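New notebook page. I want to see how the pieces of this chain pack together, so I pulled up the sequence and the model.

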Amino acid sequence: MSAPLPTNPDIVIVGAGSSGLSAAKKLEELGASYLVIEASDRIGGRAYTESNTFGEPVDHGCSWISGSNYNIFSDLGKKNNFTLVDHTNPKIEMFERDGARSTQANINEYNKSELKIKEILQDTGRQGIDIPASKVIPKVPYNECFQNWEGALNYAVDIDQISTAEYWHLKNTQPSLIVKEGLGNLVATLNNNFPISLSTSVLEMDLSGKGVKVLTSKGLIVAKACICTVSVGVLKSEKIKFTPNLSNKIQKAVHDIQMGLLVKIPLLFDGVRLGFAENSLVQYDISKEDIGNGCYFLAWPTGHNYMVGFIGGQFAWDLSKLGEKEIVEYALSKLESLSGGNIRKHFLKGFASNWANNPLTKGSYSAVKPGCFGAREVLSEPISEKLIFAGEATAGNLSGLVNGAYESGKMAAARLANIVKQKGNSL
Ligand SMILES: Cc1cc2nc3c(=O)[nH]c(=O)nc-3n(C[C@H](O)[C@H](O)[C@H](O)COP(=O)(O)OP(=O)(O)OC[C@H]3O[C@@H](n4cnc5c(N)ncnc54)[C@H](O)[C@@H]3O)c2cc1C
């Protein structure tokens with residue numbers, strides 16, 4: 001499937017994730033000449049389903065089709081006969097601080113608090129106030145549990161790193177679906193024999209003369225223009241050299257957008273359900289000191305024989321330094337303390353997704369720093385009419401999401417194809 005080098009297409013797309021694949025699809029439709037360069041030996045990027053480890057599909061990256069009534073992957077899933085399971089109002093399995101199972105009245109209280117906090121956060125952002133979300137959290141029951149979900153596990157940064165302005169701006173993620181065969185597998189269906197050069201790293205983009213000179217690990221490609229879809233984590237790592245240097249404005253935008261971390265910890269069991277309902281969310285109330293350290297779970301998604309633990313934010317970065325064995329043990333012992341039974345005799349194996357140490361992602365997805373709302377817009381502006389950054393970090397109110405990545409790639413392709421058509425050889 002890997003396309004040969006060199007060809008000198010009009011447009012080079014860097015990265016074959018959701019954004020790069022959608023850019024390729026758009027350029028196909030427009031009849032433009034292009035080549036996709038992908039450093040990894042597979043397509044999909046952070047949309048990645050893998051079935052070897054458990055013998056069942058597991059998503060290492062994205063798994064929820066959020067805002068499913070305006071999400072391209074709902075339609076694509078239906079078209080390709082994927083099994084889409086509604087996950088809009090999942091059952092919540094909750095535990096109190098003393099380890100007792102929460103009553104329905106407790107859970108209702110939690111739901112009420114969640115609504116209240118979200119309303120306050122959105123109201124703050126709506127007024128144009130861009131401060132850390134942690135500053136406006138009211139002292140309602142279970143607010144600590146909510147802060148753990150919304151910060152570390154949803155935004156992949158701690159609650160004090162969420163911008164209230166961004167909170168208001170981002171689209172509602174409900175209704176949502178999960179995909180039995182894996183969202184990564186669904187994203188991969190975008191590839192319609194596109195010209196993609198796998199295992200080829202982009203090392204430098206030189207915009208100084210005519211066109212763009214893209215230096216790769218397999219040689220030089222000269223194109224008229226380039227769409228770069230690598231994560232902000234990769235941009236921050238400066239593994240790709242830009243000549244001339246990116247402007248101070250763009251560098252500031254890269255600085256102002258954080259790369260968050262969400263670690264998934266799938267745990268495979270022998271078929272017993274440990275008292276948790278399929279597709280339920282398992283959470284426990286925590287103290288103020290433990291906000292950000294909580295490991296919550298999705299139980300038996302779409303009927304699979306595994307539960308998925310989640311840790312995120314700074315705690316996840318710290319634990320990722322220790323290694324996979326320690327992370328799996330952390331999640332397993334949390335689960336053990338919740339279920340109270342002898343779960344280890346049913347446990348087969350587990351692993352932890354390693355986006356933290358992956359040089360091609362350097363984290364999971366982005367979040368704008370408090371006070372820095374507007375950075376995403378700056379990053380998505382075309383540079384010298386020859387380079388556009390696309391991908392989830394540039395996806396406006398769909399940022400962080402796989403469908404946002406898709407929309408940003410499509411838009412960048414349409415913009416750049418138009419410029420190339422109008423300016424042609426003068427670029
Ligand atoms: C754990 C986790 C959970 C998530 N959960 C959800 C979810 O439930 N729902 C949702 O909508 N989204 C979710 N996301 C986010 C979603 O997966 C991403 O927003 C989306 O997949 C990003 O697509 P992209 O094309 O912008 O970037 P990527 O998928 O990162 O694509 C960029 C590509 O560039 C390649 N690349 C990097 N450097 C180079 C180089 N130098 N040369 C050539 N190629 C290079 C990379 O290998 C990669 O394939 C999750 C992500 C993670 C990690």
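I started with what covers the buried residues of helix α2, and found that the cover includes α1 (18-30), β5 (64-66), β6 (84-86), β8 (176-179), α6 (183-188) and α12 (402-423). Contact here means heavy atoms within 4.5 Å. Helices (H or I, at least four residues) and strands (E, at least two) are DSSP runs, numbered from the N terminus.

Note on the source: this is a predicted model, where local features need pLDDT of at least 70 and side-chain atom pairs count only at pLDDT 80 or more, while totals for chains, interfaces and linings use all residues. Residues are numbered from 1 along each chain as its sequence is written, and side-chain values use heavy atoms, with hydrogens and water left out.

Which residues of α2 (residues 72-79) are buried? I got Phe-73, Ser-74, Leu-76 and Gly-77; buried means under 20% relative accessible area, with a 1.4 Å probe and protein chains only. An α-helix has 3.6 residues a turn, so residues three or four places apart point the same way.

Then I checked the ends of α2. Asn-71 caps the N-terminal end, with a side-chain oxygen 2.8 Å from the backbone nitrogen of Phe-73. Just after the helix, Asn-81 has a positive phi of about 60°.

Next, the sheets. Two strands pair if DSSP finds at least two bridges between them. One open sheet has 6 strands in the order β7-β17-β18-β19-β16-β20, with mixed pairing. At its edges I found β7 (92-95) and β20 (347-350), each pairing on one side only. Strand β16 (residues 262-269) runs antiparallel to β20, joined by 3 bridges, and Leu-267 stands opposite Gly-350. Helix α9 (residues 313-322) packs on this sheet, touching β16 and β19 (306-312), and its direction makes about 105° with that of β19 (axes are lines fitted to C-alpha atoms, for helices over the stretch in contact; angles run from 0 to 180 degrees between N-to-C directions).

Leu-267 came up again in the largest nonpolar core, which has 66 residues. Such a core is a set of buried Ala, Val, Leu, Ile, Met, Phe, Trp, Tyr and Cys residues joined through side-chain atoms within 4.5 Å. Leu-267 and Met-307 are among the members that touch the most others. Not counting residues up to four places away in sequence, Met-307 touches residues including Ile-265, Leu-267, Phe-297 and Leu-335. A second, separate core of 38 residues includes Ile-43 and Phe-82.

Last entry: 4 strands form another open sheet, ordered β12-β11-β10-β14. Edge strands β12 (219-223) and β14 (241-243) each have a single partner, so one side of each lacks a neighbour in the sheet.

How values were computed
Buried means under 20% relative accessible area, exposed over 50%, partly exposed in between (1.4 Å probe, protein chains only). A polar contact is a pair of N or O atoms within 3.5 Å; within protein, one must be able to donate a hydrogen and the other to accept it, and residues adjacent in sequence count only if both atoms are side-chain atoms.
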